[in-house]
Amino acid sequence: MVFERLLGKLLPRWAAILAGVLAVWSCTRLTGAEVVIAATADLHGCAQQFQQRIAPLIGQLHRQHGDSFIYVDVGDTVQGTLAIQQKRGAGMLPLLYAAGCQLWVPGNHELEFGFNAFRNLLQEFHGTTLAANLHSMTLRELVQPYVLRELGGYKIAFIGLMLRDMNNCFPIPAGHFQTLGGQPVLRRTVKAAREAGADAIVLLRHVGKYGGKENLNTLLKNTPEVDLVIGAHSHIADGGSKVGNSWYVQPPAHGSGVVKAVLVFDDKNRRLTQIETGIIPLEQLPEPESEQDKAILKAWPLQGLNMPALCMKKFTGSDLALYAVSSADKLQRLLQNKQKSRADCFKVFPYFDPVITVRLSGREVMHIVREYTAFAHKRQQFIATAGFRIMTAGSRLQDIVFDQERKEYTLAISAYAAAGAGGQLPGIRRILSGRIDFDQAENAPGILDVILKVQEENL
């Protein structure tokens, strides 16, 4: 992810899109059957953009290519806008299905509203959900590892892979849910797809080239049969590039473009001879904001870099609060901006942010803050606190000074951190594994909702 964020800074979005207007992987252009795949990813609840820009384009492509066409989405679909977030993700996937989306791979943000909400999302999508590395007895009837689709007279296997260790991104009872590493799962699934008669294999993977603890080159090392990989997650558009023996493409985020991939087959030998990929850019539409939201954001009476933690403490009635803000500079600019929007707020506060509370001893608080401080320093984040102050030397915690000394404390913390931050905070996960109220976590409000509620009360 660090390398991908660096690439994102060095490569402007327009350059990434233009570079992929026509990317071709082949030696010679041969005439034959064509299979056309349209793909989106990282829509993040942009329902307005989807309905007015993407859905009409998908309809046009479907009419143009008929039974040789399929539309797929590669996750992080439901979270990111107020309208969808207030419904805990509901409503976005039916829009995709109505527009012709047949296959969907869940992203990491689909877990943000809890396990029950995630199950509801799977149930409301009437296409096929793909996730070969998802292990869950509860969800096994709702998810498939791969499917074969006959398109243009050829059998195309579509395999889905979620981000690994998703059970460490939101508090979920042990045994309910796990996403495994991709290598053995992919080898096994590719073998099954080939034995089922697949003429080509497409991997839909909610990870970019370098993130998710599995470099794509490494993942594909023992599965050269994968012809095309459609990625997501990093928000770095890629119109087409070679990775190992496979071809890689990634749609831009927030519905600002749609990937179009054309698989060309030699009818005489019935084999794939060429892949052509590109990104169709789309004008971005703003998502509507409520008048109440605008009024609260305009007033914004609370100030100070510890404001998020102070809001958490007040909202939950806890003794302490701990929160990692994306950066002190971004938060400061947000506080000074008199024309705030919800979109501006999303840039400051990380996504995995339902606020929960746990009971801890002072010693346990020290262990949690020590690991969290090092984690935030590595990510160049700012640690906001309430009810205590921290003393640090670089990334190292030296001491904690509590406003009031107690034998036990109630700590307000993000569900993402409490669950272990996708495996990045193992100590915190170990301490809190038996302390989390899963019912509370399932219904926990997001950090931004907490802040706005406290702001509203102070107006």
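Which residues have the most contacts inside the largest nonpolar core? In this predicted model, that core has 106 residues, and those with the most contacts inside it are Ile-37, Phe-158 and Leu-263. Strand β14, which spans residues 257–266, contributes the largest share of the core, namely seven residues. The surroundings of Ile-37 illustrate how the core is assembled from distant parts of the sequence: leaving out residues up to four places away, Ile-37 touches Ile-70, Val-72, Phe-158, Val-202, Leu-228, Ile-230, Val-259, Lys-260, Ala-261 and Leu-263. A second core, separate from this one, has 25 residues, among them Met-312, Val-325, Val-348 and Ile-447.

The second core can be approached through the helices α10 and α11. In α10 (residues 307–316), the residues Met-307, Pro-308, Ala-309, Cys-311 and Met-312 are buried, and Met-312 is also one of the residues of the second core. The cover over the buried residues of α10 includes the strands β16, β17 (355–361), β18 (382–386) and β21 (408–414), together with the helices α11 and α17 (447–458). Just after α10, Gly-317 takes a positive phi of about 70 degrees.

Helix α11, formed by residues 328–336, has Leu-331, Leu-334 and Leu-335 buried. When the helix is viewed down its axis, the buried residues of α11 fall within an arc of 100 degrees, so they line one face of the helix. An α-helix has 3.6 residues a turn, so residues three or four places apart point the same way. On the other side of α11, by contrast, Asp-329, Arg-333 and Gln-336 are exposed. The buried residues of α11 are covered by elements that include α10, β16 (320–325) and α12 (342–348). Lys-330, which also has its place in α11, counts as partly exposed at 38% relative accessibility. Leaving aside neighbours within four places in sequence, Lys-330 is in contact with Lys-347 and Val-348, and Val-348 is itself included in the second core. The C-alpha atoms of Lys-330 and Asp-344 are 9.5 Å apart in space, while the two residues are 14 residues apart in sequence.

Aromatic contacts were examined next, and a search of the whole structure finds eight aromatic pairs. In one of them, the ring centres of Phe-115 and Phe-177 are 6.2 Å apart and the ring planes stand at 80 degrees, so the pair is edge-to-face. Because Phe-115 lies in helix α6 (residues 115–124) and Phe-177 in the loop between β8 (154–161) and β9 (178–179), this pair ties together parts that are 62 residues apart in sequence. Both Phe-115 and Phe-177 are buried. The pair of Phe-388 and Phe-402 is tilted, with 6.2 Å from centre to centre and 45 degrees between the planes. Phe-388 belongs to strand β19 (residues 388–393) and Phe-402 to strand β20 (residues 396–402), so here the parts tied together are 14 residues apart in sequence. Phe-388 is buried, with a relative accessible area of 3%, and Phe-402 likewise counts as buried, at 14% relative accessibility. Elsewhere, ring pairs link Tyr-97, Trp-104 and Phe-125 into a cluster. An aromatic ring also meets a charge at Tyr-154, where the charged end of Arg-270 sits over the ring at 4.2 Å from its centre.

Strand β8 also takes part in a hairpin. Strand β7 (residues 146–151) pairs with β8 in the antiparallel sense over six bridges, and Tyr-146 stands opposite Ile-159 in β8. Two residues lie between the strands of this hairpin, and in the turn Gly-152 has a positive phi of about 60 degrees.

Positive phi values also occur in residues other than glycine. Asp-42, in the loop between β2 (34–40) and α3 (47–65), has a phi near 55 degrees and counts as buried at 0% relative accessibility. Ala-421, found in the loop between α14 (415–419) and α15 (426–432), has a positive phi of about 50 degrees although it is not a glycine, and Ala-421 is buried, with a relative accessible area of 0%.

Note on methods
Residues are numbered from 1 along each chain as its sequence is written. This is a predicted model: local features need pLDDT of at least 70, side-chain atom pairs count only at pLDDT 80 or more; totals for chains, interfaces and linings use all residues. Side-chain values use heavy atoms; hydrogens and water are left out. Rings of Phe, Tyr and Trp (its six-membered ring) pair if their centres lie within 6.5 Å; planes under 30 degrees apart count as stacked, over 60 as edge-to-face and the rest as tilted. Helices (H or I, at least four residues) and strands (E, at least two) are DSSP runs, numbered from the N terminus. Buried means under 20% relative accessible area, exposed over 50%, partly exposed in between (1.4 Å probe, protein chains only). A charge sits over a ring if NZ of Lys or CZ of Arg is within 6 Å of the ring centre and within 35 degrees of the ring normal. The arc is that of the directions from the helix axis to the C-beta atoms. Contact means heavy atoms within 4.5 Å. Two strands pair if DSSP finds at least two bridges between them. A nonpolar core is a set of buried Ala, Val, Leu, Ile, Met, Phe, Trp, Tyr and Cys residues joined through side-chain atoms within 4.5 Å.
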